[in-house]
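Welcome, and thanks for opening your viewer. Let's walk through this model one selection at a time, beginning with a term that will come up along the way.

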Amino acid sequence: MAEAAGDPGPAAAREGAELAAVIGATVPTGFEHTAAEEVQEKLGSASRISKDRGKIYFEVVARSLPQVHRLRSVDNLFVVVQEFKDYQFKETKEDALKDLEDLVKKLPWTDPLKVWELNNSLKKKKTKRKKHNLQSPASREKLSDGGEEGGADQSNTNDQEDCAQTPVSVEPTGGQDSENPQGVTSRNGVEEEEENEQSDVKVEVQASSESGAKAGDGQTGEGEAKVLRFRVTCNRAGEKHSFTSNEAARDFGGAVQEHFQWKADMTNFDVEVLLNIHNNEVVVGIALTEESLHRRNITHFGPTTLRSTLAYGMLRLCDPQPTDIIVDPMCGTGAIPIEGAAEWPYCYHIAGDNNPQAVKRAANNICSLLRKSESKDSTAQGIPLDIIQWDICNLPLRTGSVDVVVTDMPFGKRIGSKKKNWDLYPACLMEMGRICTPGTGRAVLLTQDKKCFAKALSRVGHIWRRAQTVWVNVGGLHAAVYLLRRTWERAEDRKSFW
């Protein structure tokens, strides 16, 4: 019989040194191996990459939770209650949902809830975020799920995938009972989609207001009832399920409510229980992050803001070395150079854009990072990053003076056009080739306009060689990150490419 939940109160802090947990992390699709490498490097833990793209799992001791939250490549974190690699769903909807209800009583909740409580106690030590710093819904919609075109239309997504965040004390409306192919609308108003693979879940967990609250019986230990608020979020992908995610969240959540005597609350919840179903793989977890970690650097958003986690993956792909000069010639709001300066401070980062408004936003974001750096270390001498307005096709940089170019190129949808890209891409690649050091220079470029990029690269094959391609999902768009290596060929002559 699986153990029922116990009391994850103050004793959890004392047990943290011995308590181990399996942590699940959502990461930018395509960069699962990059995230696994970072976990091995910084935590010493081996990771398992899920069949459900965009997720990795690794085991750590609970005292390592602060280091887990400092990982640069992960979006959201959760502690795994239990994982079923080959869950056999019953054929009828009623039987399948009844099985999910019965599962709640059999799950080993005790240790994961202790990890959740310890995670809350760590968060309380930090200064709480000021509510007025949150972006307005209109501004937040501009933050894409990954790159230049994150907000593009996603209406062609497969119907076999859905996600539900259902308050179990209320019967869902007809609209909630149906499949939701349009993506996941999270509490922060950002719509996201992971094509046919998964739906990323935006998780915002409000810390319990009573650190001594018992998760098992809802008591504070002082005779005063403190009922935890919760919600269940179901994330489902697969064609053979007889139920929708809303139905699974509703019935599983009803059983959670009955088991713990918690109160269902869609918005002001203390605990978010995650039910991830991918074909026959079922993972039950408890969320550990208030909001996606990819929002860590950006305070001034543009129409196409790159996620910090994706920026980190791109930078890591080019393997920055101390003293490298790294340039982002189309920096937008500055996500890539800001991530670079924060994680690789021994390199020198230069950012630029031809749009004065973008340069202003990037400068404001850099100032925010500088203030954050100074608040942590009063002796900080600034950050190795400069920003300038320039023309990508005529950069004010000496030939062969740059080690690495990393940038998010225009997709030709929200900014520019596909037609303009046919002229812009080869000119960009040629100018990047001119400023990069022959033989050792690298470029990491993100684009969704793969046909145009392939044609442009074939025209400048004498100066760039494609070393690696990482296929990524950018807000529902199938995009690619290309790692290019600079040849020894000189690239000073300006030629006509077409």
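A residue is called buried here when its relative accessible area is under 20%, exposed when that value is over 50%, and partly exposed in between. Keep in mind that you are looking at a predicted model.

**The whole protein**

Start with everything selected and a cartoon view. You should find 13 helices and 18 strands. Now color by burial: of the 498 residues, 55% count as buried. If you switch on a surface, its accessible area comes to about 21300 Å², and carbon and sulfur atoms hold 48% of that. For a contact map, look well away from the diagonal: among contacts with a separation of 6 or more, 78% join residues 24 or more positions apart.

**Salt bridges**

Next, show the charged side chains. How many salt bridges does the protein have? The count is 17, and the next stops visit some of them.

**Stop one: E41 and R316**

Select E41 and R316, whose side chains form a salt bridge with an N to O distance of 2.8 Å. E41 sits in helix α2 (residues 32–43) and R316 in helix α9 (residues 308–317), so this pair links parts of the chain 275 residues apart. Are the two partners buried or exposed? E41 is exposed because its relative accessible area is 54%, while R316 is buried, at 16%.

**Stop two: E247 and K93**

Move on to E247 and K93, another salt bridge, where the closest N and O atoms are 2.9 Å apart. Here the link runs between helix α8 (residues 245–260), which holds E247, and helix α4 (residues 93–106), which holds K93; 154 residues separate the two. E247 has a relative accessible area of 8%, and because that is under 20% it counts as buried. K93, with 32%, is partly exposed.

**Stop three: R231 and E272**

Now leave the helices for two strands. Select R231 and E272, a salt bridge with its closest N and O atoms 2.8 Å apart. R231 belongs to strand β8 (residues 229–237) and E272 to strand β10 (residues 271–278), so the bridge ties together parts 41 residues apart in sequence. Check the burial coloring at this stop: R231 and E272 are both buried.

**Last stop: a network**

Finally, select E38, K42, R72, E339 and E343 together. Salt bridges link these five residues in a network. While you are there, display E38 and K42 alongside helix α2 (residues 32–43), the helix of E41 from stop one.

How values were computed
Residues numbered from 1 in each chain as written. Predicted model: local features only at pLDDT ≥ 70, side-chain atom pairs only at ≥ 80, totals over all residues. Heavy atoms only, no water. Helix = DSSP H or I, 4+ residues; strand = E, 2+ residues; numbered from the N terminus. Buried < 20%, exposed > 50% of the residue type's maximum accessible area, 1.4 Å probe, protein only. Contact = heavy atoms within 4.5 Å. Areas by Shrake-Rupley, 256 points an atom, 1.4 Å probe, with all protein chains shown as cover. Salt bridge = Lys/Arg side-chain N within 4 Å of Asp/Glu carboxyl O.
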